[in-house]
Amino acid sequence: SVHLAVGYKERDYELHIEPLFDQSARIIGCAGVALDVTEQTQMARERGIWQTHARHQQRLESIGTLASGVAHEINNPVQSIMNYAQLIARRVPSGDVHTYAQEVLQEAQRVATIVKGLLSFARQEGEPYTDVHARELVESTLSLVSALLRKDGIRLSIDVLSDLPPIRCHPQQIQQVLMNLIGNAREALNAR
């Protein structure tokens, strides 16, 4: 006997074919039945898509929780570094030590910006709509990926008008879109 799954004219069928024997056990033909299983296969596909989507959502939530925890752990030491660098810069108003303190402060502020972007990215989708400037969204997103781009030798030119009106949106969702666009562009550039 033969069992097949076939698609024909946008429908799904299960074919069951059995041989027909004569009295001397020779095959003289076959008998077949085709069952329309389109609804069952469509439901199975949808269930599979839904399960894949649910697993993806769980992973995103886990990543968000992890990112938030890491960002909070980094934030406190970075704030201390910034405070000490400011104290040193104030106490030594000129010279190499002052210059080094300013550089430490500048780098710590860059880390703080990355942490802020990470916290923003990690927020749950239930966040309320807020008014955000496009430049803030772009900068906070780029702070998360700029090191990767530099590592790949990709130079970025950013041109966001400063007088754009605020956007009323879910910032995390817009960041996700920007991350996806940047990721796609990075893959395309790396493929070349």
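## Helix H3 and the E1–E2–E3 strands

Gly153, just after helix H3, takes a positive phi of about 75°. This is a predicted model, and the angles and lengths here are computed from it.

**The helix.** H3 covers residues 134-151, 18 residues in total. From its first C-alpha to its last, H3 reaches 25 Å. That is close to the 26 Å expected at 1.5 Å a residue. H3 also has a kink of about 50°, centred on Val145. Which residues of H3 are buried? They are Ala134, Leu137, Ser140, Thr141, Leu142, Ser143, Val145 and Leu149. Val145 is thus both the centre of the kink and one of the buried residues.

**The strands.** E1 (residues 2-8) runs antiparallel to E2 (residues 11-21), and seven bridges join them. Gly7 has Asp12 in E2 as its bridge partner. E2 in turn runs antiparallel to E3 (residues 27-36), joined by nine bridges. Here Leu20 stands opposite Gly29 in E3. E2 therefore pairs with E1 and with E3.

**The turns.** What lies between the strands of each hairpin? Two residues separate E1 from E2, and five separate E2 from E3. Lys9 takes a positive phi in the E1 and E2 hairpin. Ala25 does so in the turn between E2 and E3.

| Residue | Location | Phi |
|---|---|---|
| Lys9 | hairpin of E1 and E2 | positive, near 50° |
| Ala25 | turn of the E2 and E3 hairpin | positive, about 70° |
| Gly153 | just after H3 | positive, about 75° |

Terms used
Residues numbered from 1 in each chain as written. Predicted model: local features only at pLDDT ≥ 70, side-chain atom pairs only at ≥ 80, totals over all residues. Heavy atoms only, no water. Helix = DSSP H or I, 4+ residues; strand = E, 2+ residues; numbered from the N terminus. Expected span 1.5 Å × (residues − 1). Bend = angle between axes of the 7 residues up to and from the residue. Buried < 20%, exposed > 50% of the residue type's maximum accessible area, 1.4 Å probe, protein only.
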